[in-house]
Each structure stands twice: as C-alpha cells, then as structure tokens.
Amino acid sequence: MSVPLTLLGLLQREPSHGYDLKRDYDEYFGRGKPLPFGQVYATLSRLARDGKVSGGDAEPGAGPDRKRYAITELGAREVDTWLAEPIEPEPHQQTLLFSKVVLALMLDRPAEDYLDAQRAKHMQRMRQLTEVKRSGGLLDALLADHSLFHLEADLRWIDVTAARLSALAEMVRTS
Amino acid sequence: MITDRPAPGAGSMIEAREITKSFGATPALTGASMSAAPGEILAVMGPSGSGKSTLLHCLAGIFTPDSGSVWLTGERLDTLSDDKRTELRRTAFGFVFQFGQLVPELTVADNIALPLLLNRVKRKTAYASAAEWLPRLGLENLGSRRTGELSGGQAQRVALARSMVASPRVLFADEPTGSLDTLTGEMVLELLVGAAREHGTTVVLVTHDARVAAHADREIMVRDGKVIDRTGAAVEAAR
C-alpha cells in the first residue's frame, strides 16, 4: 500500500482536511491498521514540498489539522499514471518456503511433512478469511478475496511441489 | 494401538476404518481412515486420482470396500445387504455431484420432491416440502420450469434442495461447484453450508479447490489412497 499515492487519490476526489483524509483512509484502506495522524501530516508536507498538493490557508483559530489540501496538476498526473500501471508480479522463485523445501531435501528432512503443515496453515487462514467474507461487508469481502486468491496460488505451488518432491530430492542431492 | 481406539463410530456420524478398494489391479484406497462428527462440514482434498471420490463412494455405501469397515453412528454399513444400503442412501444420505443429477424432463418441483416420493411420502406432502425449499434457495419462480432449461447455478441449487429435502443425516458433495464460475459457485456453496448448519447435517465435501474447502470446518488430504490429517502425519501412524 502506497500511503502518499493513496492520499493523493483521495484528494483527487475533492480538497480535504488532514483529519478527513485520515478518516477516509482508515475506512477504505486501513482495515484494522489506522494511519497515525503524524504520518498523515508528514506525508502531506512532503507532497506539498514536491508540488503535488497545495496547502490552502488555515482556517482562523485552527491548528494544522484545519488546513485544507488540494491536489495539483502534477499530483493528479501521478495518480493517473499509478492507477494505470500494472503491479509488478511477485517473484516467487526465491520465497522462504521454496528455500525451506530445498534445504529440507538437502538435509534429508521430511519436506513433505513441512509442506503438509504449511498447507494446513494456509487452509486455516483461508477459513478465517472465508468467515470474514461471510460476516463482513462488500469491502471486507473484496479484500478477503484478494488474500484468498493469493493463498490459493501458494497452495497450488505447494501441491505441485509435493508432487515433484522425489525428482527435486534427486536433483539437490546429486548436484 | 488398536486397543486404545474408541469403539467404531463412537462420537462420529460417519467413519471409515482402514478401508481398501481396488479396481482390477489398480489400488484406489490403501488403508484409509477418517471420521466426521455430527454436524461437521469436512472437506476431503487431494489430487486427481488420489482416491478421494472412491472414499466418498465407500462412505456412502455406493462402493463396498475390499477390506476395512464403514460406520454410520455406530452401525456398520459396509456389511449391510444391497437393499439395506440402498434404503440407507435414500433415507439417511443426500448427494450433490458436479453434473447430471437432475432429470431434465421433470420440473424443478418434481426433481426436488423425487427423494420423498421414492421414500413413499404422500404426493401432497412431498410437493409441499419441495415448495418450502424454493424460496430458501432463490428458486421461487422456477417450480414449474423443466430442469433442462436452467442455468448451471440454478440447476445446482435444485440439486441442493433435492439432496436436503429428505433431511439427510449426511450430505455427500463431490465437486458441487466444479462446473460453475467463481461467484455462482460461492453462492451455491454458501447455500449448501447454510442449509447444512441449519439442519445439523454432516457434510462430506470432496474438492480439489482450496477456496471451496475453506468453507468447511476441517479438511483432510487423500494421497495415494491414504488419509493424511492436518498436521501432515498419516492418521494411521498417529494412532
């Protein structure tokens, strides 16, 4: 999650105060991890310094949280570019689990048991996320789905690796 | 130790004990043991050809294992006569499969009422029970529609209603959403889980799909004809 770009995106809807930005961020993107006020204002200061937002006049008698921020043309272009750009797929070749499996085979440890334990751990998390979908709102369901599809991809990798363990074991022991 | 094990079927709704099953020279199950508690939703996972569907068919009394035993609430199932097992399948079990379980020439209401009619329930009562299931599964306007005219998701909801209408003790579902798209499959699965929870029905859900299995309370893996428990140790070895 890119906090600066997400705040810029929120500002692209309409100019806003720091307090309202934090509230919207927490509601849509925080998901149990609220953004600290300090980070909101520090980020807005940096964005203002870089010319991506303009901080309007503070309202009389109010502190910094009453300053109204608006996105600049530069900031808006950055948000549009960011939104249109696909996210780089994660490189899965060097995951921790991959390293564990290869090491387990090298060390003649029960790699299949490790994979089964990892599968059970993944399934446990998938059950929790499924319950979140069942009991939560649409936003929760969408986020849970994102995690579920990624966990499912991991599980497919675990299954394929389990099916190839014998060949993999032979390879790592003879190389 | 065998002697430390509880009596067969004790505390479980359905249980398999060290069952083997071969088709010709090909072994499908090589000593599989598992149990499902009353009201539990149990996912049976495993790669293609691992024996998970054979396990389901043995539990449901469709196949007779070559050795080992199958128990339904303490009653041994695999040694019953064909007639008795057929009766048990009609009265105690419900089934949802991936394809081809509905009679396309019959209406939705006919298909749902069918298990009750086969159990010699009066026609009026059977159709009244079928009608109760229509709104629960979002089928309220489809009772008179022939099932051959339904979408995949609608057909699976009808199949679900038909599997539950006789209040089975165990629902066997083999890849029940395998032919549906993601969202339709999820809707059918939510309905299946909801109906089972409401009625306290034990569900044995065979699937290769982890997202489907995540709707269950617990999952077991079938690999090379044996059941692997959650911690990765063979159930047999753990005992």
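This passage describes the fold of chain B in a predicted model, together with its contact with chain A and the domains of chain A.

Chain B is a good place to begin. Its secondary structure comprises eight helices and 10 strands. Along the principal axes, the C-alpha atoms of chain B occupy a box of roughly 55 × 35 × 35 Å. The radius of gyration of chain B is 18 Å, which agrees with the value near 18 Å that a compact globule of 239 residues would have. Buried residues make up 45% of the 239 residues of chain B. Sequence separation adds to this picture: of the contacts in chain B between residues at least 6 apart in sequence, 70% join residues at least 24 apart.

One part of the fold is built from parallel strands, and strand 8 (residues 202-206) of chain B is a helpful landmark there. Five of the five residues of this strand are buried, so strand 8 is largely enclosed by the rest of the structure. Burial is found on both of its faces: B:T202, B:V204 and B:V206 point one way, B:V203 and B:L205 point the other way, and all are buried. Strand 3 (residues 41-45) of chain B runs parallel to strand 8 and is joined to it by four bridges. Within this pairing, B:V44 stands opposite B:V206. Strand 7 of chain B also runs parallel to strand 8, here with five bridges, and B:V170 has B:T202 as its bridge partner in strand 8. Between strand 7 and strand 8 of chain B the chain passes through helix 6 (residues 182-199), making a β-α-β crossover that is right-handed.

Strand 7 (residues 170-174) of chain B has a further parallel partner in strand 6 of chain B, to which it is joined by four bridges. In this pairing, B:F95 is matched with B:F172 of strand 7. Strand 6 (residues 93-96) of chain B is covered on both faces, with B:F93 and B:F95 buried on one side and B:G94 and B:V96 buried on the other.

The loop that leaves strand 7 deserves a brief look. B:E175 lies in the loop between strand 7 and helix 6 of chain B. Its phi is near 45°, a positive value in a residue other than glycine. B:E175 counts as partly exposed because it has 18 C-beta neighbours inside 10 Å, whereas a residue needs 20 or more to be buried.

Antiparallel pairing appears elsewhere in chain B, in an open sheet of four strands with the order 2-1-4-5. Its edge strands are strand 2 (26-36) and strand 5 (75-76), each of which pairs on one side only. Strand 1 (residues 14-23) and strand 4 (residues 67-72) of chain B run antiparallel and share five bridges. For B:R17, the bridge partner in strand 4 of chain B is B:S69.

Among the helices, helix 3 (residues 108-118) of chain B is mostly covered, with eight of its 11 residues buried. These are B:V108, B:A109, B:D110, B:N111, B:I112, B:A113, B:P115 and B:L116. The cover over the buried residues of helix 3 includes helix 2 (82-91), helix 4 (123-136) and helix 5 (152-164) of chain B. Past helix 3, the setting changes at B:R120, which is located in the loop between helix 3 and helix 4 of chain B. B:R120 is not a glycine, yet it has a positive phi of about 65°. Because it has 8 C-beta neighbours inside 10 Å, B:R120 counts as exposed.

Finally, the contact between the chains involves 11 residues from chain B and 13 residues from chain A. On the side of chain B that touches chain A, helix 7 (residues 210-213) of chain B supplies the largest share, three residues. By class, that side of chain B has five nonpolar, three polar and three charged residues. Chain A itself is divided into domain 1 (3-84) and domain 2 (96-174). Taken over C-alpha atoms, the centres of domain 1 and domain 2 of chain A are separated by 38 Å.

Terms used:
Residues numbered from 1 in each chain as written. Chains lettered and ligands numbered in written order. Predicted model: local features only at pLDDT ≥ 70, side-chain atom pairs only at ≥ 80, totals over all residues. Contact = placed C-beta atoms within 7 Å. Helix = DSSP H or I, 4+ residues; strand = E, 2+ residues; numbered from the N terminus. Nonpolar A, V, L, I, M, F, W, Y, C, P; charged D, E, K, R; others polar. Buried ≥ 20, exposed ≤ 12 C-beta atoms within 10 Å, placed from the backbone. Pairing = 2+ DSSP bridges. Domains from an automatic or database assignment. Right-handed = clockwise from strand over helix to strand, strands pointing away. Rg over C-alpha atoms; globule rule 2.2 N^0.38 Å.
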